[in-house]
Amino acid sequence: MFARCTLLVVSLLLPLFALAQTQYTLSGVVRAADTHEILPGASVAVPASATGTATDAQGAYSLPLPPGTHEVVVSFLGYQPVTRTITLRRDQRLLVELPTAANELGEVIVRGSGTLEQKLQTTQMSVERLTTREAKLLPALFGEVDLLKTLQLKPGVQNGGEGTSGLFVRGGSSDQNLVLVDDAVVYNPAHLFGLFSVFNPDAVQSVDLYKGGFPAQYGGRLSSIIDVRLREGSHEKVGVSGGIGLISSRLAVEGPLNKGKGSFLVSGRRTYFDVFTRAINRVNEGTVDYSPIPDYYFQDLNLKANYQLGRKDQVFLTGYYGKDVFGFKSDGGFNINFEWGNTLGALRWQHTFAPRLYLNTTASFTRYRYNIGNALDEFSFGLASTIRDLSLRSDLEYHTTDNRHILKAGATITSHDFGVGRLQAESVSNLVNFGSDVSYTGQEGGLYASDNFTVNDKWQLDYGLRLSGFHSGSDTYGGIEPRVAARYSLSPTLSLKANYALMYQYVHLVTNSGASLPTDIWYPSRLSVKPQRSQQVATGVSWLLGGGKYLLTNEVYYKWAENQIDFRDGAQLFANADLDQEFLFGKGWAYGDEIYLEKKEGKTTGWIGYTLAWTKRRFPPQRGTTGINNGAIYYPTYDRRHNLTVVVLHQLSPRINLTGSFVFTSGAATTLPQGRFIYQDALGSGGNPVAVPLYPERNTYRLAPYNRLDLGLVYKLRPRHGESDLTLSIYNAYNRRNPYFIYFDRIEDPQTNLTTGYRARQVSLFPTIPSVTYNFKF
């Protein structure tokens with residue numbers, strides 16, 4: 001069945017490769033003039049004929065044009081637009097280098113990074129593109145720029161709670177997001193228990209977030225694709241950049257290889273929480289009743305290199321290593337060491353067969369692991385888990401001569417190694433020594449083919465098919481995943497769009513909390529754990545306003561999912577060889593309306609987004625349990641009815657940029673006790689009676705609404721060499737005490753010391769936090 005479907009897809013698409021040439025093709029690459037780096041997502045347009053395109057992930061473009069003379073305008077966010085006049089008498093290549101936007105008086109024109117016109121014309125909807133240049137202007141917690149937090153400011157994206165970088169996209173859970181770095185998977189994209197992401201802003205070129213209408217080349221998750229592309233480094237000269245902040249510092253070095261045939265970029269950063277905490281502990285050493293502060297730090301290192309093997313061949317190397325370390329040592333003999341982190345590497349070969357046909361082949365390695373070690377007196381206890389992938393993928397892309405068809409086809413195969421849990425306990429005397437190691441393997445594969453078809457000036461279609469499969473132990477699963485999107489232009493400034501996608505997910509995150517934690521476990525589809533499956537349909541309208549300065553979009557979506565996973569009460573999660581018996585399986589629904597107004601031109605830019613959404617789950621009675629809430633529909637913790645974000649960036653002068661962001665969301669669903677019952681021994685002795693909490697059905701209570709205002713200022717300095725600036729930010733400017741969690745404190749009678757009641761207490765994480773960061777580049 002799988003092979004027959006593959007042959008059918010290929011046979012349908014092959015005739016399109018043979019379309020006769022009707023126009024000449026202008027193709028090439030767009031790069032930055034100062035560093036010679038590629039610029040994915042740059043706009044290449046011919047205004048006179050109302051045609052245009054955007055560069056792909058490799059910075060390449062292909063644009064069919066009739067013979068004659070044309071004025072081509074190329075633009076990208078943060079760079080000066082370039083206009084070239086060309087005369088086409090045959091297929092022609094044009095390399096365009098955009099200079100960095102200068103600090104000149106007058107209005108600053110900001111274009112590109114997915115220009116508004118480009119967003120209007122493309123069939124792809126439910127996608128957001130973000131560049132590091134944009135993210136660095138926005139206020140940040142502790143001054144640490146975080147691209148995932150910036151994505152939380154987009155409609156349809158919820159955060160996992162105060163300070164976290166976890167994403168919940170259109171009602172999906174945190175494990176339903178596929179995070180890619182240069183085509184290599186990242187399983188835990190967070191530092192500091194979720195407060196910061198693993199992406200160093202100095203290393204990142206751009207981030208694309210797909211919320212729906214997924215292209216056929218992506219698979220393996222249900223809710224979103226986060227495609228991160230790293231910078232290549234300068235092809236022209238050696239440069240150094242970085243920043244010094246309150247809690248961390250970062251440094252990046254880049255430069256050319258072999259006279260500009262290639263380039264490299266190495267960047268790293270490290271926090272220094274542990275430097276301060278160790279100094280405080282030393283000062284208080286010997287103090288009675290002093291409780292030492294735990295050690296904590298994270299560090300990461302990024303590598304990107306590329307080299308031109310010849311006129312048609314280029315290789316790219318990507319590497320990442322990140323580690324978080326948490327440690328605590330008490331005078332009483334209790335020690336804990338907790339380490340977790342990601343390691344990945346990717347080698348990509350790009351071959352150009354012709355100006356309109358090229359192939360990318362990527363081999364990658366990914367590993368995520370955590371290790372906890374506890375010691376108390378002469379006893380020690382260890383717990384560890386890991387997931388390791390080896391992957392190979394190949395992607396072929398072809399543009400027909402008239403550019404009416406952009407054809408893509410490819411395959412991917414991944415070998416998974418799941419270390420579900422390793423438990424080890426022992427004593428110094430060896431009287432206690434036991435362990436447990438639970439591990440599985442799995443193989444995942446996929447084939448896809450797609451066609452972006454420009455039917456005429458009004459209609460554009462993007463359709464494709466993905467065949468996916470998974471094997472673990474004696475179990476094999478597979479599915480057909482159709483993808484289709486359409487755009488109809490009512491006028492040059494108004495478009496209607498719609499899409500449909502079916503997705504399968506074969507690996508699952510074992511977690512008993514609403515947000516990802518370092519101790520969460522990845523588990524394969526096997527035995528009773530079937531693949532998760534979702535379908536999503538969305539429709540929308542895009543409207544250019546104000547002479548093209550504003551883009552207003554409104555998207556309505558509906559998503560339904562099967563084989564959603566949760567746990568039975570009292571589930572044993574760690575080092576459990578029968579972990580599949582702890583799962584409950586159910587269905588999920590999510591639907592909503594997203595309104596988005598964006599401005600990218602002028603001294604004042606930014607966006608306003610509002611989402612009205614519902615997320616529901618249902619787990620009926622099963623496995624000898626009553627299910628969840630006796631099988632009734634309930635709202636998970638990441639269901640938020642209202643979500644409003646306002647982001648404003650204003651250039652006050654050539655040297656001063658002011659920024660601000662405001663967030664309002666409905667309160668998260670949570671479970672709190674509705675009462676307590678008292679029990680005491682038969683003789684009524686033994687002091688205070690014991691109060692046992694009584695819990696109602698799950699998530700029947702809502703926390704208070706969340707709202708926060710962040711302010712920022714970027715002041716450009718005038719050093720003798722290079723560039724530098726001071727970035728000032730104020731997180732939570734009006735000191736809103738947002739709820740992190742609720743606990744109950746006892747109320748005691750001062751005369752008898754007996755408990756007379758309980759009072760709910762709210763814990764808030766961050767007050768107003770000012771920060772300053774010094775950034776430099778030379």
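These legends go with close-up views of a predicted model.

**View 1. A tilted ring pair, Tyr558 and Trp560.** Here we look at two aromatic side chains, and as a reminder, a pair of rings is described by how far apart the centres are and by the angle between the planes. The whole model has 21 aromatic pairs. In this one, the ring centres of Tyr558 and Trp560 are 5.6 Å apart and the planes meet at 40 degrees, so the pair counts as tilted. Tyr558 is partly exposed, at 34% relative accessibility. Trp560 is partly exposed too, at 27%.

**View 2. A cluster of rings around Tyr440, Tyr523, Phe567, Phe583 and Phe585**. These five residues are joined into a cluster by ring pairs. If you're browsing the sequence alongside, Tyr440 and Phe585 are among the members to look up.

**View 3. Arginines over rings.** Two close-ups belong together here. In one, Arg348 places its charged end over the ring of Phe316, 3.9 Å from the ring centre. In the other, the ring belongs to Tyr635 and the charged end over it is that of Arg641, with 5.2 Å to the centre.

**View 4. Asn738, tucked into a loop.** Asn738 sits in the loop that runs between β44 (723-731) and β45 (741-748). Is this residue buried or exposed? Its relative accessible area is 0%, so Asn738 is buried. Its side chain does have polar company: a polar atom of the Asn738 side chain lies 3.0 Å from the backbone oxygen of Asn707. There is also a side-chain to side-chain polar contact between Asn738 and Arg736, at 3.1 Å.

**View 5. A nonpolar patch on the surface.** Ile244, Leu246, Tyr715, Leu726, Leu728, Val772 and Tyr774 make up a nonpolar surface patch of about 540 Å². Strands β44 and β47 (769-777) are the elements that each give two or more residues to the patch. One patch member to pick out is Tyr774, which is found in strand β47. Tyr774 is partly exposed, with a relative accessible area of 33%.

**View 6. Thr414 and its partner across the sequence, Gln443**. Thr414 belongs to strand β26 (residues 405-427). With 13% relative accessibility, Thr414 counts as buried. Gln443 is 29 residues away along the chain, but the C-alpha atoms of Thr414 and Gln443 are separated by 5.7 Å.

**View 7. The Lys211–Glu128 salt bridge and its network.** Side chains of opposite charge can pair when their charged atoms come close. A search of the whole structure turns up 28 salt bridges. One of them joins the side chains of Lys211 and Glu128, at 3.9 Å from N to O. Lys211 is in the loop between β16 (204-210) and β17 (224-230), while Glu128 is in strand β9 (residues 127-131), so the bridge ties together parts that are 83 residues apart in sequence. Both Lys211 and Glu128 are buried. Zoom out a little, and which residues share a network of salt bridges with this pair? The network links Glu128, Lys154, Arg170, Lys211, Glu555 and Glu594.

**View 8. Two more salt bridges, one buried and one partly exposed**. The side chains of Lys600 and Glu598 meet in a salt bridge at 3.6 Å, N to O. Lys600 is buried, at 7% relative accessibility. Glu598 is buried as well, with a relative accessible area of 4%. The other bridge is between Glu748 and Arg746, where the closest N and O atoms are 3.8 Å apart. In that bridge, Glu748 has a relative accessible area of 37%, which makes it partly exposed. Arg746, at 45%, is partly exposed too.

**View 9. Positive phi in a loop: Arg623 and Asn629**. Most residues other than glycine have a negative phi. Arg623 goes the other way, with phi near 50 degrees. Asn629 also has a positive value, near 55 degrees. Where does Arg623 lie? Arg623 is in the loop between β36 (604-618) and β37 (642-653), and Asn629 is found in the loop between β36 and β37 as well. As for cover, Arg623 is partly exposed at 26% relative accessibility, whereas Asn629 is buried at 12%.

How values were computed:
Residues numbered from 1 in each chain as written. Predicted model: local features only at pLDDT ≥ 70, side-chain atom pairs only at ≥ 80, totals over all residues. Heavy atoms only, no water. Phe/Tyr/Trp six-rings, centres within 6.5 Å; stacked < 30°, edge-to-face > 60°. Buried < 20%, exposed > 50% of the residue type's maximum accessible area, 1.4 Å probe, protein only. Lys NZ or Arg CZ within 6 Å of the ring centre and 35° of its normal. Helix = DSSP H or I, 4+ residues; strand = E, 2+ residues; numbered from the N terminus. Polar contact = N/O pair within 3.5 Å; in protein donor to acceptor, adjacent residues only side chain to side chain. Patch = residues over 30% accessible without salt bridge, like charges linked within 9 Å, V, L, I, M, F, W, Y side chains within 5 Å. Areas by Shrake-Rupley, 256 points an atom, 1.4 Å probe, with all protein chains shown as cover. Salt bridge = Lys/Arg side-chain N within 4 Å of Asp/Glu carboxyl O.
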